[in-house]
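Grab your viewer and work through these short exercises. Each one comes with a worked solution, so try it yourself before reading on.

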Amino acid sequence: MTQSNRLGGGQIDRNTSLTFRFDNRSYTAHPGDTLASALLANDVRLIGRSFKYHRPRGLLTAGSEEPNGMVELRTGARKEPNTRATTIEMFDGLEARSQNRWPSLKFDALAVNDLFSNFLSAGFYYKTFMWPAAFWEKLYEPMIRRAAGLGSLSMEDDPDEYDKGFRHCDLLIIGAGPAGLMAALTAGRAGADVILADEDFALGGRLNSESFAVGDHSAPDWAAQVVAELSSMPNVRLMPRTTVIGAFDHGIYGAVERTGDHLPTLPDGKPRQILWRIYTQKALLCAGATERPIAFENNDRPGIMMASAMRTYANRFAATPSQRVAIFTNNDDGHRTAADLHTKGVKIAAVVDVREDAPGSYDYEVLKGAQVTDTKGRLGLTFVEVTLSDGSSRTLDCGALGVSGGWNPNVHLTCHQRGRPVWNDDLAAFVPGADLPVGLSVAGAANGVMTTYGALKSGAEGAAEALERKGALPDLPEAEDAPVKQKPFWYVEGCKRAWVDQQNDVTVKDVKLSYQEGFRSVEHLKRYTTLGMATDQGKTSNITGLAIMAEVAGKSIPEVGTTIFRPPYTPIPIATFAGRMKGQEFHPTRLTPSHYWAKERGAVFVEAGNWLRAQWFPLPGETHWRQSVDREVRETRASVGVCDCTTLGKIDVQGTDAAEFLNRIYANGFAKLPVGKTRYGLMLREDGMVMDDGTAARMAEDHFVVTTTTANAVSVYRHMEFVRQCLYPDMDVQLISTTEAWAQFAVAGPNARKLLQKIVDPEFDLSNEAFPFMACGNITVCGGLRARLFRISFSGELAYEIAVPSRYGDALMRRLMAEGEEFNVVPYGTEALGVMRVEKGHAAGNELNGTTTALNLGLGKMVSKKKDSIGSVLSEREALVEPDVLRLVGIKPVQPEDKITAGGHLMNADGPVDAANDQGYVTSAVYSPILNSNIGLGLVKNGAERLGEKMRLVSPLTDLTVEVELVSAHFVDPEGERLRA
Amino acid sequence: MIINHPLLGPRDASEFTYLGDASLIDRPDWQAENASEAFYEYGYLRDNPAGEHQELWYHEAGDRSWLVVTRNTLTHEISKVELARDVARARGRSK
């Protein structure tokens, strides 16, 4: 395939040829091309179909503001929809496909939408798909979803890696055009730490697209020379292919570096994109300006593009959309495109300028005071209809039309901290306002300085000011300094289908309709017509939309207002935000000390917060989890079981005020707890609800070891630090979390003492008299290893918790298993743990659900009235202590095999089943192999007084009704004889 | 955001956990006549100023200090950062 629209010159490497495919056809290109420029060079103008009407569309721009030229890039799992052909750097073997067309780009069945455009105008969806409501979900929405939209996802996992990083500098320069390069030179030579970031792969911005000279060099050569000097400076970091996506608080900028998008395949371990967080005291926005179109009849045909883009394609990429082009402009910049293309040998059909006083040319015809009123060409431009100043018509034969409606400064980042741009009449455009993000200033075209010399100067000055550096600036080269000459001109009167927002298919008529129907504020206009709400965020359409609204309303543009811009500046793949936090790496995984041992035993694991805990330990032949769990419960209660409970939070509390501190933290008293004893502690929130529970063991007069639930380990510690630092700053008490420092195992069952006696060093007496229920102490095990022993029980059995330094956890578990063989010791997981605590009637996470009080849980008497503690005052609020508040009860089905469902609600034995008659709900439900029955815990109105009552357990979700009986929550050993044995 | 920790210097806000109004330091006296009313106000009634706001931040991924940060809720400008313990003492709290 020859590159029939390839011109001379340009910044492409003609010595190397690359092959790429678009819609399954093969083409050639050169390094330095974008997909867009390569397609134009190969005479491909038709790139895609529009969002709503499926109109044939080509390229409008040559940059990231592109609304039309979107393709699906790559194949398989790496397929990426909606990538802009204008920013895709060419590589060998690139594969792209057009989107939103079926069966083919040239013949698209849904182009029929275009014929019904009268019915599909602004607000069409709101007006049409309203009734009946039931149709929305089943019919309308699927239909619209099929018809609308652009590219499609691969539906496979993204195989590439993404990363995140942090960078710091004295001055961040955003954009490497004339202003940015000059700023970097100024700051770099002054020795400042500089980051210069630009979204393009070639630094230089607009300079790479122009034919004029800067100093003694061509504009691109001058840029290349400055880049070379900057590259040699150790204090300057150049970041090409990096889009600064947002300005955040306190001088933090987000930036996405596309480290691998331009490579055919990523080297191993290289991320595809990196999300940078850049910290800087000062930043200089040199983001340039974006040319805006003029709306006229059928202004969306392939071949119609921005005049500046046409110039970029010709000068930088040596490509033209056609060998015969016309220009439609309201300003002098459009003429520059005509002159450059003429020099490159492209035939200029005419320059159509709306101004009567437009400059003339000896090389081609200039139609002054004329307007483009229509265009022809179904899949690509063929003719342009022009109405001349005298009212007569003229047809121009051309394959491309460059449109220039003036330039809009790229103020986006100045708005990210609520800054509002202000209107500038001379430019007929918005320029940055006063309220900029802290530390940010603006230079060059982004600040409304529209000449090259002006940009160079303002870049140098901007950098010097930002760094508060006095003295001489670097010498500025001579450069183009022509003032802006234009006549504001937004759209051609009388057009029926003139496109304002090409990505969302919004026309001039839609904007007018929005006004007529009362959607007149800018924010309403956007939402009603979807103007500016596509993936390009209206970079080429917002201002035109505003101008039309202003004209219809008879107001000025600043009176109509402007919408401000939000990050990100350009669309970012979700994968980039995720970075390495995906799949198993989404959050850190914490392993218990006995994890590898448990894995060897074939344990099934469950996530508990960040922890992985053994859920049960299946034996050969056990096919259902219940078999394993029932066995673990039975054997623990019959002999002895061991469970890793390291995940419980452990907080070391030390200091002369430690006991008094716990008095404030816990609702029950701790001042009188003797050394060597442990006490159950109930912690309330200040609003009187239960926050957490656990135990506090007094290891010494001024030393407690506090445990928390696994789930609340972090928040309880945070709360305790709050109480210590903010409420009682002079208490002598120190806290430290030791959750990670100690491996802790529960050893439970009638033979627990016998098993422990085999490993605890003989000088420690474990007899019931010497070490009774709730005792605690420092001991040694296995011949001198320091350990802590607590005689506490969650299972209701004779039980201990033994703690050793974490690194000995694995060994201790193996030792317990070996020594326990003679007792048939059984390891048990979280399921058996849960069954046993329900059998014993202990409240746990399901009951401590943030809405329950101590009274609800049957622990009301624990809240001491004799001392100050967090939550004690508000726990006595009237509504919380009414006689019929929820109380914790046990629940048993009348038929033992009937299943109890957690979350099911309890209704009286007779009467209606509805919310008004709700009596409470089930919080926990298990099967008890000891009682051979399903059992549960629940909260029932006045439940403590209703034991023995029959109720109905209902679950409308699962269509369940079960007859149950309220019983004491202490199903097993209600007198506590076992745990005191 | 960046919080200028009085002991550790400027730190990224992602290292901190936010709690809320620094009025939470002023916990009422449990034995006061109107204790229940006072605790209700303490727990539930907060000012929500558009402007300067004193608020509690906890350096959870750092040194575990509670800080009182004076932040403008309109601009996010942080004008003052103090150790909450110092603020609590200045407000008369002790043991």
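**Exercise 1.** Which residues of α18(A) are buried? Then check the helix length against its expected span.

*Solution.* Keep in mind that this is a predicted model. Start with the burial list: A:Ala713, A:Val716, A:Tyr717, A:His719, A:Met720, A:Glu721, A:Val723, A:Arg724, A:Gln725 and A:Cys726 are the buried ones. Next, the length. Helix α18 of chain A covers residues 713–727, which is 15 residues. At 1.5 Å a residue that should span 21 Å, and the end C-alpha atoms are indeed 21 Å apart, so the two agree.

**Exercise 2.** Find the largest nonpolar core and say what A:Ala326 touches.

*Solution.* The largest nonpolar core has 160 residues. Among those with the most contacts inside it are A:Leu171, A:Ile173, A:Leu284 and A:Ala326. Leaving out residues up to four places away in sequence, A:Ala326 touches A:Ala349, A:Ala350, A:Val352, A:Val384, A:Leu396, A:Cys398 and A:Leu401. There's also a second, separate core of 103 residues, including A:Phe704 and A:Met813.

**Exercise 3.** How many residues does each chain bring to the contact?

*Solution.* Chain B gives 24 residues and chain A gives 19. On the chain B side, α1 (35–44), β4 (52–58) and α2 (84–90) each supply at least two residues. Sorted by class, that side has 12 nonpolar, 5 polar and 7 charged residues.

**Exercise 4.** What is the helix and strand content of residues 496–579 of chain A?

*Solution.* UniProt, in an unreviewed entry, lists this stretch as "domain: SoxA A3". Residues 496–579 of chain A come out at 45% helix and 6% strand, with end C-alpha atoms 47 Å apart.

Conventions: Residues are numbered from 1 along each chain as its sequence is written. Chains are lettered from A and ligands numbered from 1 in the order in which they are written. This is a predicted model: local features need pLDDT of at least 70, side-chain atom pairs count only at pLDDT 80 or more; totals for chains, interfaces and linings use all residues. Helices (H or I, at least four residues) and strands (E, at least two) are DSSP runs, numbered from the N terminus. The expected span of a helix is 1.5 Å times one less than its number of residues. A residue is buried if 20 or more other C-beta atoms lie within 10 Å of its own, exposed if 12 or fewer, and partly exposed in between; C-beta atoms are placed from the backbone. UniProt positions are given in the numbering used here, feature names are shortened, and annotations may be inferred rather than shown by experiment. Two residues are in contact if their C-beta atoms, placed from the backbone, lie within 7 Å. Ala, Val, Leu, Ile, Met, Phe, Trp, Tyr, Cys and Pro count as nonpolar, Asp, Glu, Lys and Arg as charged, and the others, Gly among them, as polar. A nonpolar core is a set of buried Ala, Val, Leu, Ile, Met, Phe, Trp, Tyr and Cys residues joined through C-beta atoms within 7 Å.
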